[in-house]
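The exercises below ask the reader to work through a fold from its strands and helices down to single side chains. Each task is followed by a solution in steps.

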Amino acid sequence: MKLITCCSFKGGAGKTTALMGLCSAFAANGKTVALFEADENRPLSTWMENSVEGGTWDERCTVFVADEMSLLEEAYEGAEARGFDYALADTHGGSSELNNTIIASSDFLLVPTMLTPLDIDEALSTYRYIIELLVAENLHAQTAILQQRVPVGRVTASQRAAAEVLSALPQFDAPMFERDAFAAMKTRGMLHLTLATMSSNPALRLMARNYETALAELGVLGAFVADKLGV
Ligand SMILES: Nc1ncnc2c1ncn2[C@@H]1O[C@H](COP(=O)(O)OP(=O)(O)OP(=O)(O)O)[C@@H](O)[C@H]1O
Ligand SMILES: [Mg+2]
């Protein structure tokens, strides 16, 4: 089981959304995914409830509440025993013992960030924090910055400058664009299953095309992560 974690000190950087997208991409590929809910606001549990209600939850995936150390340990052992292909951990903002444990146990650390000067500062701090922790513990993990909520059209000069600052760090070379399809996942459910229900409805054909594009983008992100992990 490979553990992939989304972290950022900054709230609202797009951690949970990136994780939900990655989960859909893996599940669409037939992989099993354990989701570790390390954010006490429980966005993943809510996601699962909404999805199950809408018939868009992929049974290959399970949410494990892991917002305390003992629960995290239980979740990790339980998921490993059940042989999940991937575990995806959603952290809360800031640093904590729980976050440190998750970071130290991760095979892949993804740092999502928007392209504002404040977000870039926070992403750099987060990245430095992760590297310092890994070095201190003599651990190795793959890392990548993920540009999040990038406008589909032209980016501004300031966003271009922000992207330039990030170019020195390992990063996924395509951004996660600002898309309704991504924002809607939390209520509509897993992207690949939402798309499947839309495709059978002619009235939703145009929307379905947007969802196809969004899912294809996530597929590339999933392939990038799998490739880095040697899966
Ligand atoms: N690529 C995207 N396109 C459109 N909306 C997005 C995208 N990514 C995130 N959002 C929206 O931005 C908001 C914040 O995203 P999200 O909850 O994923 O951030 P977070 O880092 O998990 O926040 P928190 O620190 O509160 O846990 C949400 O309303 C989400 O729907
Ligand atoms: Mg979140």
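**Exercise 1. Describe how the side chains of strand β4 are directed, and how far the strand is covered.**

Step 1. In this predicted model, Tyr86, Leu88 and Asp90 point one way from β4, while Ala87 and Ala89 point the other way, and all of these residues are buried.

Step 2. This can be set beside the general rule that in a regular strand the side chains alternate between the two faces of the sheet.

Step 3. Strand β4 comprises residues 86-90, and five of its five residues are buried, so that the strand is described as mostly covered, where buried stands for a relative accessible area under 20%.

**Exercise 2. Find which strands pair with β4, and in which sense.**

Step 1. Strand β1 (residues 2-6) is joined to β4 by five bridges in the parallel sense, and here Lys2 is the residue that stands opposite Tyr86.

Step 2. Strand β2 (residues 33-37) also runs parallel to β4, again with five bridges; in this pairing Leu35 has Leu88 as its bridge partner, and Glu37 has Asp90.

**Exercise 3. Place β4 in the whole sheet, and identify the edge strands.**

Step 1. The sheet is open and consists of seven strands in the order β3-β2-β4-β1-β5-β6-β7, with parallel pairing.

Step 2. The edges are formed by β3 (61-65) and β7 (176-177), each of which pairs on one side only.

Step 3. For the edge strand β3, the pairing with β2 is parallel and comprises five bridges, with Phe36 standing opposite Phe64; β3 is nevertheless mostly covered, since four of its five residues are buried.

**Exercise 4. Determine how helices α1 and α3 lie against the sheet.**

Step 1. Helix α1 packs on the sheet and touches β1, β2, β3, β4, β5 (108-113), β6 (142-150) and β7, and its direction makes about 165° with that of β4.

Step 2. Helix α3 (residues 69-81) lies across β1, β2 and β3, and runs at about 180° to β2.

Step 3. One residue of α3 is Glu73, which is partly exposed at a relative accessible area of 48%; between the C-alpha atoms of Glu73 and Trp57 there are 25 Å in space, although the two residues are 16 apart in sequence.

**Exercise 5. Decide whether Lys15 is buried or exposed, and describe its surroundings.**

Step 1. Lys15 belongs to helix α1, and because its relative accessibility is 7%, it counts as buried.

Step 2. Leaving aside residues up to four places away in sequence, Lys15 touches Cys6, Cys7, Ser8, Lys10, Asp90, Thr91, His92, Gly93 and Pro112.

Step 3. Its side chain reaches the backbone oxygen of Lys10 at 3.1 Å.

Step 4. Lys15 and Ile145 are 130 residues apart in sequence, yet their C-alpha atoms are 11 Å apart in space.

**Exercise 6. Describe the setting of Thr143 and the polar contact of its side chain.**

Step 1. Thr143 is found in strand β6, where its relative accessible area of 13% makes it buried.

Step 2. Beyond residues up to four places away in sequence, Thr143 touches Phe108, Leu109, Tyr127, Ile130, Ile131 and Pro170.

Step 3. With Tyr127 there is also a polar contact of 2.7 Å between the side chains.

**Exercise 7. Explain why the buried residues of α9 can be said to line one face of the helix, and name elements that cover them.**

Step 1. Helix α9 (residues 191-199) has Leu191, His192, Thr194, Leu195 and Met198 as its buried residues.

Step 2. Viewed down the axis of α9, these residues fall within an arc of 160°, and therefore they line one face of the helix.

Step 3. Among the elements that cover them are α1 (15-28), α7 (180-183), α8 (185-188) and α10.

**Exercise 8. Check the length of α10 against the value expected for a helix.**

Step 1. Helix α10 has 24 residues (205-228), and because each residue is taken at 1.5 Å, the helix should span 34 Å.

Step 2. The C-alpha atoms at its ends are 35 Å apart, which agrees with that expectation.

Step 3. The buried residues of α10 include Ala208, Tyr211, Leu215, Leu218 and Phe224, and the helix is followed by Gly230, which has a positive phi near 70°.

Definitions and conventions: Residues are numbered from 1 along each chain as its sequence is written. Chains are lettered from A and ligands numbered from 1 in the order in which they are written. This is a predicted model: local features need pLDDT of at least 70, side-chain atom pairs count only at pLDDT 80 or more; totals for chains, interfaces and linings use all residues. Side-chain values use heavy atoms; hydrogens and water are left out. Helices (H or I, at least four residues) and strands (E, at least two) are DSSP runs, numbered from the N terminus. The expected span of a helix is 1.5 Å times one less than its number of residues. Buried means under 20% relative accessible area, exposed over 50%, partly exposed in between (1.4 Å probe, protein chains only). The arc is that of the directions from the helix axis to the C-beta atoms. Contact means heavy atoms within 4.5 Å. Two strands pair if DSSP finds at least two bridges between them. Axes are lines fitted to C-alpha atoms, for helices over the stretch in contact, and angles run from 0 to 180 degrees between N-to-C directions. A polar contact is a pair of N or O atoms within 3.5 Å; within protein, one must be able to donate a hydrogen and the other to accept it, and residues adjacent in sequence count only if both atoms are side-chain atoms.
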